[in-house]
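Reader: I'd like a close look at a single part of this one, and I'm happy to read a long answer. Here is what I have in front of me.

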Amino acid sequence: MGKKKMVLYGAAALFAVSGVVALPSGNITGGIGCIVIAAVCFLLARKPAREAAGQQAAPRTAGTPAAGSRIAETIRTKVVGVTFQNDDGESRQDILSRMTGDEEIEIEKTTYNGEPAAYVKWGNKILGYLSAELAKDLAAKYPNARYTAEILEISGGGYRRLGVI
């Protein structure tokens with residue numbers, strides 16, 4: 001759970017307790033106000049990342065070396081190539097438009113024109129790639145690593161193209 005969600009849930013709990021305590025003491029307006037604020041904080045915390053704010057989604061990658069040690073590095077990056085179609089003809093923009101930002105995604109290493117590459121997948125659907133420079137740096141730094149990723153935001157929409165962070 002992200003820091004923002006934890007803060008919102010904490011605020012919701014504090015306002016709820018304040019509201020419940022205020023009602024019996026005769027402070028009806030304050031009690032109801034606190035309960036309303038608690039409900040708003042709770043709903044904002046439950047809202048998917050895409051709807052909550054900037055509407056951007058992208059993976060945070062972390063290398064896990066084969067030796068078994070845990071997270072070596074955390075990187076915030078955008079997914080590139082999200083405006084292209086996949087080999088089956090499906091538009092990556094269409095795939096992104098159906099996503100909420102809560103989906104589990106994967107980073108899969110591959111090669112492209114003899115160079116290290118890594119694509120970002122949701123199930124069996126490719127959303128895009130890590131930048132060529134990042135994929136090359138990660139391959140050199142962590143040659144036997146597995147990468148994990150999470151969507152932080154899905155950007156764009158409407159008249160703008162969608163993107164992933």
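Which side chain does Lys121 meet in a salt bridge? Please start there and work outwards through strand E4 and whatever goes with it.

Author: Happy to, with one caution up front: this is a predicted model. Lys121 pairs with Glu108, and the N to O distance of that salt bridge is 3.2 Å. Lys121 sits in strand E4 and Glu108 in strand E3, so the bridge links parts of the chain that lie 13 residues apart. As for exposure, Lys121 has 15% relative accessibility and counts as buried, because the cut-off for that label is under 20%. Glu108, at 30%, counts as partly exposed.

Now stay on E4 and look at Tyr119. Its ring pairs with that of Tyr129: the centres are 5.8 Å apart and the planes stand at 70°, so this is an edge-to-face pair. The whole model has 2 aromatic pairs by this rule. Tyr119 belongs to E4 and Tyr129 to strand E5, residues 125–129, so the contact ties together parts 10 residues apart in sequence. Tyr119 is buried, with 15% relative accessibility, while Tyr129 comes out as partly exposed at 28%.

Tyr129 also takes us to a pocket, the second largest, where it is one of the lining residues. The volume there is about 260 Å³. Along with Tyr129, the lining includes Tyr112, Glu115, Pro116, Ala117 and Ala118, and also Val80, Leu130, Ser131, Ala132 and Lys136. Two elements, E4 and H5, each give two or more residues to this lining, and E4 gives the most, with 4 residues. By type, the lining divides into 8 nonpolar residues, 1 polar and 2 charged.

Leu130 carries us from the pocket lining into the largest nonpolar core, where it is among the residues that touch the most other members. That core has 21 residues, and the others in this best-connected group are Met99, Ile105, Ile107, Val120, Leu127 and Leu138. At least two core residues come from each of helix H4 (92–97), strand E3 (105–112), strand E4 (115–122), helix H5 (132–141) and strand E6 (146–149). H5 gives the most, with 3 residues. So E4 turns up both in the core and in the pocket lining. As general background, nonpolar side chains in soluble globular proteins tend to be buried together.

Back to charges, since you began with one. A search of the whole structure finds 5 salt bridges. Another of them joins Arg76 and Glu153, at 2.8 Å from N to O. Arg76 is in strand E2 (residues 74–76) and Glu153 is in the loop between E6 and strand E7 (154–157), so this pair ties together parts 77 residues apart in sequence. Arg76 is exposed at 55% relative accessibility, whereas Glu153 counts as buried at 19%.

Then there is Arg98 with Glu90, whose side chains meet at 2.9 Å, N to O. Arg98 is partly exposed, with a relative accessible area of 45%, and Glu90 is buried, at 18%. Those two don't stand by themselves: Glu90, Arg98 and Lys125 are linked in a network of salt bridges.

To pull your part together: on E4, Lys121 reaches Glu108 of E3 through a salt bridge, Tyr119 reaches Tyr129 of E5 through a ring pair, and the strand also supplies residues to the core and to the pocket lining.

Methods:
Residues numbered from 1 in each chain as written. Predicted model: local features only at pLDDT ≥ 70, side-chain atom pairs only at ≥ 80, totals over all residues. Heavy atoms only, no water. Core = buried A, V, L, I, M, F, W, Y, C linked by side-chain atoms within 4.5 Å. Buried < 20%, exposed > 50% of the residue type's maximum accessible area, 1.4 Å probe, protein only. 1 Å grid on protein atoms, 1.4 Å probe; cavity = no way out; pocket = protein on both sides within 12 Å on 5 of 7 lines; lining within 4 Å. Points joined across faces, edges and corners; volume = space filled by probe spheres on them. Nonpolar A, V, L, I, M, F, W, Y, C, P; charged D, E, K, R; others polar. Phe/Tyr/Trp six-rings, centres within 6.5 Å; stacked < 30°, edge-to-face > 60°. Salt bridge = Lys/Arg side-chain N within 4 Å of Asp/Glu carboxyl O.
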